[in-house]
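Hello,

Here is the structure we talked about handing over. Please load it first, then read the notes below it.

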Amino acid sequence: MQRQAALVTGASGGLGLAIATLLAERSIDLVLVSRTEKKLAALARDLSKRFGITAHVMPADLSKPSAAQDIFRACRKKGLRIDMLINNAGAGIAGEHLAMDEDSIDAMIRLNVNALTALCMLFGREMKARKSGMILNIASLVSQLPMPFFTAYGATKAYVVSYSRALRSELRSFGVSVTCVLPGFIDTGFEKSAGLKSPSYSRMAKSLGMSADAVARACVRAMFRRKALSVAGFMNRIAYFLIKFIPKQFLSNMAYRAMKRYF
């Protein structure tokens, strides 16, 4: 019997690495996608040796327009059937929106929105045709409110939530589940990659943040339970509940006052 296979984007570190490891523990073969080929190759060797699975390496920059199609074609060429698609790769840029570089924002949107959408469409069609499969899209708690200084990033994650819910409705009668997970702060050094240099912000994020392993367990659990949407972490679930009852513009203004000291 053929083992199930999962494609994990952003697999070379942080949450993607933690999710890939949990899936390997379940004896699921992997297709590992990230920009860093050396890290992916080392990870593939490690997971294959530890868990006896097959791990394929597919280095790609998903912010490039044709990257999703290239990955899909490579999987078909290798004869790989993807049973689980984990769209974890994403980028965040923080700061005053109008002071940002347009090309950087465009690359972030291509990664967070365009690549995720294309991968869902390409692999989703195959899942629909065989009437089985699972898609896991990683959004963010920031998707639930207009967040100043994360203006475009939060908007991309709001897209992921809305897109995932609608796609789930289209695919549910074909045996394909779409799950969207909303983490809060994750202790992966996101603030550095996002361009945040404030030590006080780093301390705040670290104090509120969950470990990548804890968030990965929440993600994998939600996917296998075929949940529509899951918020990772008890405190984040409380915040998600409370946000529903506060006017969005009021929340955004409050967030601006709270965040401006870090910028």
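**Surface patch and the loop after α9**

F245 counts as exposed, at 59% relative accessibility. The model is predicted, so please read everything here with that in mind. F245 sits in the loop between α9 (234–243) and α10 (248–259). F245 also belongs to a nonpolar patch on the surface. The other members are F234, M235, I238, F241 and L242. Together the patch has about 680 Å² of accessible area.

**Helix α10**

Next comes α10. It has 12 residues. From first C-alpha to last, α10 reaches 16 Å, close to the 16 Å expected at 1.5 Å a residue. Its buried residues are L251, S252, A255 and M259. Seen down the axis of α10, these fall within an arc of 100°, so they line one face of the helix. An α-helix has 3.6 residues a turn, so residues three or four places apart point the same way. The face of α10 turned away from the buried side carries the exposed residues Q249 and R257.

**Helix α5 and the loop that follows**

Helix α5 covers residues 151–171, 21 residues in total. At 1.5 Å a residue it should span 30 Å. The end C-alpha atoms of α5 are 31 Å apart, which agrees. The buried residues of α5 are A152, Y153, G154, T156, K157, V160, V161, Y163, S164, L167 and L171.

F174 lies in the loop between α5 and β6 (176–182). Its relative accessibility is 25%, so F174 counts as partly exposed; the cut-off for buried is under 20%. Which residues does F174 touch, leaving out those up to four places away in sequence? They are K128, K131 and S132. F174 and R130 are 44 residues apart in sequence, yet their C-alpha atoms are 8.3 Å apart in space.

**Salt bridges**

How many salt bridges does the structure hold? There are six. Three of them are described here, including their burial.

- R3 and D29: the closest N and O atoms are 2.9 Å apart. R3 lies in the segment before β1 (5–9) and D29 in strand β2 (residues 29–34), so the pair ties together parts that are 26 residues apart in sequence. R3 is partly exposed, with a relative accessible area of 35%. D29 counts as buried, at 14% relative accessibility.
- R73 and D70: the closest N and O atoms are 2.6 Å apart. Both residues lie in helix α3 (residues 67–77). They are three residues apart, about one turn of the helix. R73 is partly exposed at 48% relative accessibility. D70 is partly exposed too, with a relative accessible area of 39%.
- D83 and R81: their side chains meet in a salt bridge at 2.7 Å, N to O. Is D83 buried or exposed? D83 counts as buried, at 6% relative accessibility. R81 counts as partly exposed, at 37%.

In two of these pairs, a buried Asp meets a partly exposed Arg: D29 is buried and R3 partly exposed, while D83 is buried and R81 partly exposed. In the α3 pair, R73 is partly exposed, and so is D70.

Best regards

Conventions. Residues numbered from 1 in each chain as written. Predicted model: local features only at pLDDT ≥ 70, side-chain atom pairs only at ≥ 80, totals over all residues. Heavy atoms only, no water. Salt bridge = Lys/Arg side-chain N within 4 Å of Asp/Glu carboxyl O. Helix = DSSP H or I, 4+ residues; strand = E, 2+ residues; numbered from the N terminus. Buried < 20%, exposed > 50% of the residue type's maximum accessible area, 1.4 Å probe, protein only. Expected span 1.5 Å × (residues − 1). Patch = residues over 30% accessible without salt bridge, like charges linked within 9 Å, V, L, I, M, F, W, Y side chains within 5 Å. Areas by Shrake-Rupley, 256 points an atom, 1.4 Å probe, with all protein chains shown as cover. Contact = heavy atoms within 4.5 Å. Arc of directions from axis to C-beta.
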